[in-house]
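Please open the structure in your viewer and keep the selection tool at hand. The tour proceeds from one selection to the next and describes what is found at each stop.

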Amino acid sequence: MELYLDLHSQPCRSVFLFAKAVGIPFEFKHVDLAAGHQYSEEFGKLSIVRKVPVMKDGGFVLTESVAILKYLLQKHSSSVADHWYPADLQQRARVNEYLSWQHMNLRAQGSKVFLLRALFPLIMGSEVPKDKMDAAVEDLNQSLQMLEEKFLQNRPFIVGDKISVADLVAVVEIMQPVATGLDVFEGRPKLTAWRERVKKALGEKLFDEAHEVIMAVSSSLPQKMQSSSELEMLKPKFRKIFS
């Protein structure tokens, strides 16, 4: 099995962490997003979507991180512990509920903050307008509050006493704005304790390995995106997103 990944990407980290944590063997195929490898002819033959992650299992190619996670869970159900994606109907529904909610909430808001703080100044050549930055952070805070109040509540993990893929998907999204220097855990002891439990369940060494490149984003991305033509190509997209 081949996994096409760039660990700057949150969905890629979720797939990478899960496969590593449960011992699913795979060949890591690096797709350097900042260098534009997703637009290469070779990658286009693999996936017309031109996004990562992509899984290639023999002749079967699958895109979308949640679909990939569920495929791996179901293919390896005999060897993967039940707590990752519980067989119990209602517990599994809770996992699916979070996975459905997060796309337009925690993922969307965390990604926007990351883009504004890490890439906007580089691509646009100016600081982010304060009103846009404040609004983006407020939206992220609302999603974090919903994660705490609705999905986590007073449980150790989202679906009870043990980690599930819901926790895995949540933590990689939260770490994205953290990589820009925004401490989203400040003043959130419940969320902080949950993150530490997730790290321990995954293994701190593995967690740090998966997040090494994103935590160095301030120094790594500017070096990779040096071409003025590349930056000019991105400006219209950023104006559309943040106008």
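**Two packed helices**

Select helix H6 and helix H7 (residues 189–202) of this predicted model. The two helices pack at an angle of about 115°, and their axes lie 11 Å apart. Their crossing is left-handed.

Which residues make the contact? On the side of H6, display Asp 167, Leu 168, Ala 170, Val 171 and Ile 174. On the side of H7, display Leu 191, Trp 194, Arg 195, Val 198 and Leu 202. Colouring the contact of H6 with H7 by class gives 8 nonpolar and 2 charged residues, with no polar residue.

**The cavity**

Keep H6 in view and turn to the empty space inside the model. Rolling a probe the size of a water molecule over the atoms shows where empty space is left. The structure holds 1 cavity of 30 Å³ or more. The volume of the largest cavity is about 50 Å³.

To see its lining, select Gln 10, Pro 11, Ser 14, Ser 65, Gln 102, His 103, Arg 107, Val 169, Val 172 and Glu 173. Two or more lining residues come from each of helix H1 (10–22), helix H4 (89–124) and helix H6 (165–178). By class, the lining of the largest cavity comprises 5 polar, 3 nonpolar and 2 charged residues.

**A pair of aromatic rings**

Remain with helix H1 and select Phe 16, which lies in that helix. Then add Phe 28, which belongs to strand E2 (residues 27–30). The two residues are 12 apart and link distant parts of the chain. How are the rings of Phe 16 and Phe 28 placed? Their centres are 6.0 Å apart and their planes stand at 80°, so the pair is edge-to-face. The structure holds 8 aromatic pairs.

**The second largest pocket**

From Phe 28, stay with strand E2 and move to the second largest pocket, to whose lining E2 contributes at least two residues. The volume of this pocket is about 190 Å³. Select Tyr 4, Lys 29, His 30, Val 31, His 37, Ser 40, Glu 42, Phe 43 and Leu 46 to display the lining.

Which element gives the most to the lining of this pocket? Helix H2 does, with 3 residues; in the viewer, H2 covers residues 41–46. Coloured by class, the lining of the second largest pocket shows 4 nonpolar, 3 polar and 2 charged residues.

Methods
Residues numbered from 1 in each chain as written. Predicted model: local features only at pLDDT ≥ 70, side-chain atom pairs only at ≥ 80, totals over all residues. Heavy atoms only, no water. 1 Å grid on protein atoms, 1.4 Å probe; cavity = no way out; pocket = protein on both sides within 12 Å on 5 of 7 lines; lining within 4 Å. Points joined across faces, edges and corners; volume = space filled by probe spheres on them. Helix = DSSP H or I, 4+ residues; strand = E, 2+ residues; numbered from the N terminus. Nonpolar A, V, L, I, M, F, W, Y, C, P; charged D, E, K, R; others polar. Axes fitted to C-alpha atoms, helices over the stretch in contact; angles between N-to-C directions. Left-handed = near helix turned anticlockwise from the far one by under 90°. Contact = heavy atoms within 4.5 Å. Phe/Tyr/Trp six-rings, centres within 6.5 Å; stacked < 30°, edge-to-face > 60°.
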